[in-house]
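Colleague: Could you take me through one part of this model up close, the sheet and whatever packs around it?

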Amino acid sequence: MRVLVIEDEAKIADYVKRGLSEAGYTVDVARDGIEGRYLALDGDYQLVVLDIMLPGIDGFGVLSALRQKRGTPVLMLTARDRVEDRVQGLQAGADDYLVKPFAFSELLARVGALLRRAPAVPESANSRMAVCDLEMDLLGRKAWRAGQPLSLTAKEFSLLALLARRKGQVLSRTTIAEQVWDMNFDSDTNVVEVAVRRLRSKMDDPFKPKLLHNVRGMGYVLEERT
């Protein structure tokens, strides 16, 4: 099960991500409403944990955009405890509402309840991804390029899956380190560069066109360029 947490408070986001990861969920984090809206609409998530007070676009704006296209269950997190705020969130399409501060055990119970209520989605609808001639089976954790199987390590596959889910979006080294290694970025650490280089040697160097690109001063992007 994949969960998207949209929360700008770093301590809360890290706390929720760590707890849900330990409970067996795959968790992505967005730090603002703009990134959160993009991931919620384009990503493959079974649940969204959504804060209301966000930079860029607030939680109600993210929820409105999501509800125009998807029925993904949404659990709203907020420091607002007014009845009218809770009513507004539920009327806008939220499935549940949790007020900060909260006990993680309660959040975990609400997440489980929402996922149990959600309609089953056939695996084939969400487990396959493709970028040009690169194909991925997210559930089976397998990848092919031009029909040839790629021998990837667990971290290499996670890195490739992250880049593929955000196809066309430049990801910084900091974002990659947080999402793939669950670590705060250290400028003295070259783990991201090494992993990208190894991944590129397997899925890009032997093939054309090239899909994994460096964007100087910004990070990396997976996309087909003409």
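Modeller: Let's start with helix α7 (residues 154-165), which lies across β6, β7 and β8 and runs at about 110 degrees to β7. (That angle is between N-to-C directions, from 0 to 180 degrees, with axes fitted to C-alpha atoms, for helices over the stretch in contact; helices, H or I of at least four residues, and strands, E of at least two, are DSSP runs numbered from the N terminus.) Bear in mind that this is a predicted model, where local features need pLDDT of at least 70 and side-chain atom pairs count only at pLDDT 80 or more, while totals for chains, interfaces and linings use all residues. Residues are numbered from 1 along each chain as its sequence is written, and side-chain values use heavy atoms, with hydrogens and water left out.

Now the sheet under that helix. It's an open one of 4 strands, in the order β6-β7-β8-β9, and the pairing is antiparallel (strands pair if DSSP finds at least two bridges between them). The edges belong to β6 (128-131) and β9 (148-149): each has a single partner strand, so one side of each goes without a neighbour in the sheet.

Go in from the β6 edge and you meet a hairpin, with 2 residues between β6 and β7. Cys-132 sits in that turn and has a positive phi of about 60 degrees. The two strands are antiparallel and share 4 bridges, and Ala-130 has Glu-135 in β7 as its bridge partner. On to the next pair: β7 (residues 134-137) is joined to β8 (residues 142-145) by 4 bridges, again antiparallel. Here Met-136 stands opposite Ala-143 in β8.

Met-136 is worth remembering, since it turns up again in the core. The largest nonpolar core has 28 residues, and Met-136, Leu-160, Met-203 and Leu-222 are those with the most contacts inside it. (Such a core is a set of buried Ala, Val, Leu, Ile, Met, Phe, Trp, Tyr and Cys residues joined through side-chain atoms within 4.5 Å.) At least two of its residues come from each of β7, α7, α8, α9 and β11. The biggest contributor is α7, which gives 7 residues. There's also a second, separate core of 21 residues, with Leu-39, Phe-60, Val-62 and Tyr-97 among them.

Back to the first core, and to α9 (residues 191-203). With 13 residues at 1.5 Å each, this helix should span 18 Å (1.5 Å times one less than the residue count), and its end C-alpha atoms are 18 Å apart, so the two agree. Its buried residues are Val-192, Val-194, Ala-195, Val-196, Leu-199, Arg-200 and Met-203, where buried means under 20% relative accessible area, with a 1.4 Å probe and protein chains only. They pack against β7, β8 and α7, and also against α8 (173-181), β10 (212-215) and β11 (219-222).

For one residue that draws this together, click on Met-203. Leaving aside neighbours within four places in sequence, Met-203 is in contact (heavy atoms within 4.5 Å) with Leu-134, Arg-145, Leu-150, Leu-160, Leu-211, Leu-212 and Leu-222. Two of the names in that list, Leu-160 and Leu-222, are also among the residues with the most contacts inside the core.

Technical notes:
Buried means under 20% relative accessible area, exposed over 50%, partly exposed in between (1.4 Å probe, protein chains only).
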